[in-house]
Amino acid sequence: MGKTSDLTAVQKTIIDTLHKEGKTQKVIAKEAGCSQSSVSKHINRQAKGRKKCGRKKCTSSRDNRTLQRIVTTNPFKNVGEIHKEWTAAGVSASRTTTRRLMKDMGFRCRIPCVKPLLNKKQRKKRLAWAKDKKDWTDAEWSKVMFSDKSKFCISFGNQGPRVWRKSGEAQNPRCMRSSVKFPPSVMVWGAMSSAGVGPLCFLRSRVNAAVYQEVLEHFMLPAADQLYGDADFTFQQDLAPAHSAKTTSTWFKDHGIPVLDWPANSPDLNPIENLWGIVKRRMQYARPNNAEELKTTIRATWALITPEQCHRLIESMPRRITAVIEAKGAPTKY
């Protein structure tokens, strides 16, 4: 005959049933095959509605609501800052308790999504562009060569402050960071189509119109020959000053290359952004010691990109456009 904690589910059922029938504890103990004290403790526990013992919580429901309000108001604070503000409100709790309660509330510490800031005019133009391109087929998108620049650092660990958010809040504006379009850094230029990737260009100086036209001459044209041969194609570029310069427009006209109209601040529409992400994830464990080793690693990783990967990214264009239309021009998850 064991303690109350040793009672089986069957014994507990027998005790409850016989107790409701008005049987004495002695009879119940005999029928259930346990000690009378175990029957008494089980009945008393059920009567008090207490299913288990444990330490009393050190915070009240009101304290917990205060904590949730603090986290929701400024989700970019770290645990130490949140704990300090919470205890300043008169709550007596440890830092460990603060973290545990935040976790119980559904908050997780995550790297925030980075989205460009869009004004009303830019959102309107993005929506108009998406509606204009919503009927484009995969075959039409396969004729577009997408291009862009991306920053690569020797260390990929510095991703800024993290954010406290719940599941499903990744795209919530209050849980996102705004990106800066042109950070002062060394950039890498690349191009892709549904047929694969072109050669990379490592930019050594600030990109003005003259520098950009050199990139087009020595890297974009070879990429076009490699990816399209003699077939026609349309070139995509963003609205950087060097790209929209009159001399650059003249360069494209002189070479007979049509340029795809493109909405401002729209990296989520460009599949090459996802390609840069693939390259950086593959390089996350690489530890180059200098710029030359970094370039070597980038080239080697870029060379591993397959045409199938590029084709899948190009096939996502209709979904990207649908997402922009549904978001009424606002930034999307892509």
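Okay, let's start in the sheet: strand β3, residues 144-151, pairs with strand β6, residues 187-193, in the antiparallel sense, and 6 bridges hold that pairing. Before I go on, remember that this is a predicted model. If you want one spot to click on, take S147, whose bridge partner in β6 is A191.

β3 has another partner too. That one is strand β9, residues 234-235, running parallel to β3 and joined to it by 2 bridges. Here the residue to find is V144, which is bridged to T234 of β9.

So how much of β3 is buried? The count is 7 of its 8 residues, so the rest of the structure largely encloses this strand. And a reminder for anyone colouring side chains: in a regular strand they alternate between the two faces of the sheet.

Now stay around there and look at Y228. This tyrosine sits in helix α9, residues 209-228. Is Y228 buried or exposed? Its relative accessible area is 13%, and buried means under 20%, so Y228 counts as buried. What does Y228 touch, if we skip residues up to four places away in sequence? The list is S142, K143, V144, M145, S193 and F233. You've met V144 already, as the residue bridged to T234. For a sense of distance, Y228 and K134 are 94 residues apart in sequence, and their C-alpha atoms are 24 Å apart in space.

Right, helices. Let's go to α4, residues 61-73, and α5, residues 79-88. Their axes come within 10 Å and cross at roughly 135 degrees, so we call the two oblique to each other. The crossing of α4 past α5 is right-handed. On the α4 side the contact uses D63, N64, T66, L67, I70 and V71, and on the α5 side I82, E85 and W86. Sort those residues by class and you get 5 nonpolar, 2 polar and 2 charged.

α5 also packs on helix α6, residues 95-104. This time the angle is about 105 degrees, with the axes 10 Å apart, and α5 and α6 are therefore roughly perpendicular. Who makes the contact? From α5 we have V79, G80, I82, H83 and W86, and from α6 it's R95, T98, R99, L101 and M102. By class, that contact divides into 5 nonpolar, 3 polar and 2 charged residues. Keep an eye on I82 and W86 of α5: they're in this contact, and they're in the one with α4 as well.

One more helix pair, back at α1, residues 9-20, and α2, residues 25-32. Their axes are 9 Å apart and the packing angle is about 150 degrees, so these two are roughly antiparallel. α1 passes α2 in a right-handed crossing. The α1 residues in contact are Q11, I14, I15, L18 and H19, and α2 brings I28, E31 and A32. In class terms, that's 5 nonpolar, 2 polar and 1 charged.

Last stop, K333, in the segment after α15, which covers 317-326. K333 has 61% relative accessibility, so this lysine counts as exposed. Which residues does K333 contact, leaving aside neighbours within four places in sequence? Those are K115 and Q171. And K333 lies 196 residues from T137 in sequence, with 22 Å between their C-alpha atoms.

That's my tour, thanks everyone.

Conventions: Residues numbered from 1 in each chain as written. Predicted model: local features only at pLDDT ≥ 70, side-chain atom pairs only at ≥ 80, totals over all residues. Heavy atoms only, no water. Axes fitted to C-alpha atoms, helices over the stretch in contact; angles between N-to-C directions. Helix = DSSP H or I, 4+ residues; strand = E, 2+ residues; numbered from the N terminus. Parallel < 35°, antiparallel > 145°, perpendicular 65-115°, else oblique. Left-handed = near helix turned anticlockwise from the far one by under 90°. Contact = heavy atoms within 4.5 Å. Nonpolar A, V, L, I, M, F, W, Y, C, P; charged D, E, K, R; others polar. Buried < 20%, exposed > 50% of the residue type's maximum accessible area, 1.4 Å probe, protein only. Pairing = 2+ DSSP bridges.
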